[in-house]
Amino acid sequence: MKRPARPLLALGVALAVAIPTTLFGSSAAHADPISQTSGFYVNPRSSPASWVAANPGDGRANAIRTEIAQRPMASWFGNWSGDITAAVGNYVAAADAVDKLPLLVAYNLPGRDACGGHSGGGAGSVAAYDAWIAAFAGAIGNRPAVVALEPDSLGDFNCMSQAQINDRVGMLARAANQFRSKAPNTWAYLDAGNPGWVDARTMAQRLNMAGVANAHGFALNVSNYFTTGENTNYGNAVASALRSNFGYTKPYVIDTSRNRNGSNGQWCNPGGRRIGTPTQTGGGAEMLLWLKTPGESDGNCGVGAGSSAGQFLPEVAYKMIFGY
């Protein structure tokens with residue numbers, strides 16, 4: 001529901017940085033969803049919240065409740081979500097009912113994590129994805145929201161044919177247009193990988209091909225571990241490359257959910273990582289968000305051996321709170 005603008009507030013997970021919208025593409029003219037709401041939505045049915053509710057006597061429960069479950073973070077939607085219109089519509093409605101801003105991640109591209117291999121799946125065809133993402137955007141409608149679009153989609157093309165790349169960037173470009181036309185109070189961010197994948201100029205080229213001109217901006221470090229400073233440097237370089245090569249630039253957000261200890265070079269359930277500081281500003285980032293849920297597995301690997309991608313692992317979550 002559209003609401004009168006409020007003064008910008010320090011919010012539970014992210015701080016917006018005042019950035020003149022004239023610097024960005026025309027999609028930045030979308031209504032500001034932050035000023036329409038009174039903070040970010042905390043999902044009472046998130047995987048850590050559900051685990052805490054089911055295990056109140058566990059010695060780890062209190063720390064997981066206060067340090068993770070009670071913090072705003074994104075909910076992910078994909079081919080496991082069933083009727084996407086109902087799933088997204090109900091989630092956004094729950095946030096709207098309490099005047100909070102929901103964070104959502106769309107993760108359903110065909111072939112999805114094509115080169116990583118731990119989060120495969122997605123829609124069965126290009127046409128199926130186009131229909132799915134159109135329904136996703138339509139389910140949000142005029143209500144305020146923030147959406148990160150398709151993590152893993154532009155970071156690694158090495159295992160893909162040119163035809164597959166063309167299909168992928170086409171789907172992303174059409175997705176950006178769906179949010180632009182059907183969800184006018186949503187800020188949609190195309191995923192732009194992280195500083196460890198490709199150089200900033202290459203990422204700017206890929207973002208441009210994928211239609212970032214019609215999205216609000218781009219998202220960095222989703223489900224990864226690079227520090228906020230490293231991501232800020234990279235994000236500024238990508239934004240600069242967009243400006244110099246294509247005549248426009250875009251704001252960016254950083255996933256800080258697991259980046260306090262930085263990256264040790266591993267991306268799939270590395271040990272010794274730590275939850276990030278939710279309210280830290282990024283020296284150029286529009287917002288710092290918890291897009292990945294701390295404690296949810298990256299796949300059958302690392303300290304999550306034997307798990308599947310997205311499975312909540314309480315011991316991993318507990319250790320991530322303290323950094324060991």
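Q: What makes Asp298 and Arg258 count as buried?
A: In this predicted model, Asp298 and Arg258 are both classed as buried, a word reserved for residues under 20% relative accessible area. For Asp298 the computed value is 6%, and since 6% falls under the 20% cut-off, the label follows.

Q: How do you know that Asp298 and Arg258 form a salt bridge?
A: The closest N and O atoms of Asp298 and Arg258 are 2.9 Å apart, and because the cut-off between a side-chain nitrogen of Lys or Arg and a carboxyl oxygen of Asp or Glu is 4 Å, the pair qualifies as a salt bridge. Asp298 lies in the loop between strand 7 (287-289) and helix 8 (314-322), whereas Arg258 lies in the loop between strand 6 (252-255) and strand 7, so the bridge ties together parts that are 40 residues apart in sequence.

Q: Why is the pair of Asp298 and Lys292 called a salt bridge?
A: The closest N and O atoms of Asp298 and Lys292 are 3.8 Å apart, which is within the 4 Å limit, and the pair is therefore counted. Lys292 is itself buried, because its relative accessible area of 7% is under 20%. Elsewhere, Asp58, Arg60, Glu315 and Lys319 are joined into one network by salt bridges that share partners.

Q: What makes Asp130 and Arg174 a salt bridge?
A: The N to O distance between the side chains of Asp130 and Arg174 is 3.1 Å, and because 4 Å is the limit, the two residues meet the criterion. Asp130 belongs to helix 4 (residues 126-140) and Arg174 to helix 5 (residues 162-182), so this bridge ties together parts that are 44 residues apart in sequence. A search of the whole structure finds 7 salt bridges.

Q: Why are Asp130 and Arg174 called partly exposed?
A: Partly exposed is the class in between the cut-offs of 20% and 50% relative accessible area. Asp130 has a value of 21% and Arg174 a value of 36%, so each falls in that class.

Q: What makes helix 4 and helix 5 roughly parallel?
A: The axes of helix 4 and helix 5 come within 9 Å and cross at roughly 20 degrees, and because angles under 35 degrees count as roughly parallel, the two helices are given that description. Helix 4 passes helix 5 in a right-handed crossing. The residues that meet include Tyr129, Asp130 and Ile133 in helix 4 and Met171, Arg174 and Ala175 in helix 5.

Q: Why is helix 1 called roughly antiparallel to helix 2?
A: The axes of helix 1 (residues 47-54) and helix 2 (residues 61-69) come within 10 Å and cross at roughly 155 degrees. Because angles over 145 degrees count as roughly antiparallel, helix 1 is roughly antiparallel to helix 2. In the contact, Pro48, Ala49, Trp51 and Val52 of helix 1 meet residues of helix 2, among them Ile64, Arg65 and Ile68. The crossing of these two helices is left-handed.

Q: How do you know that Cys268 and Cys301 form a disulfide?
A: The sulfur atoms of Cys268 and Cys301 are 1.7 Å apart, and because the limit for such a pair is 2.5 Å, the two cysteines are taken as a disulfide. The pair links distant parts of the chain, with Cys268 in the loop between strand 6 and strand 7 and Cys301 in the loop between strand 7 and helix 8, 33 residues apart. Both cysteines are buried, and a search of the whole structure finds 1 disulfide.

Q: What is the handedness of the disulfide of Cys268 and Cys301, and why?
A: The torsion about the S-S bond of Cys268 and Cys301 is about -65 degrees, so the disulfide is described as left-handed.

Q: What makes the phi values of Asn221 and Asn269 worth pointing out?
A: Most residues other than glycine have a negative phi. Asn221, however, has a positive phi near 70 degrees, and Asn269 has a positive phi near 55 degrees. Asn221 lies in the loop between strand 5 (217-220) and helix 7 (228-246), while Asn269 is found in the loop between strand 6 and strand 7. With relative accessible areas of 0% for Asn221 and 4% for Asn269, each is under the 20% cut-off and therefore buried.

Note on methods
Residues are numbered from 1 along each chain as its sequence is written. This is a predicted model: local features need pLDDT of at least 70, side-chain atom pairs count only at pLDDT 80 or more; totals for chains, interfaces and linings use all residues. Side-chain values use heavy atoms; hydrogens and water are left out. Helices (H or I, at least four residues) and strands (E, at least two) are DSSP runs, numbered from the N terminus. Buried means under 20% relative accessible area, exposed over 50%, partly exposed in between (1.4 Å probe, protein chains only). Axes are lines fitted to C-alpha atoms, for helices over the stretch in contact, and angles run from 0 to 180 degrees between N-to-C directions. Angles under 35 degrees count as roughly parallel, over 145 as roughly antiparallel, 65 to 115 as roughly perpendicular and the rest as oblique. A crossing is left-handed if the near helix is turned anticlockwise from the far one by less than a right angle, and right-handed if clockwise. Contact means heavy atoms within 4.5 Å.
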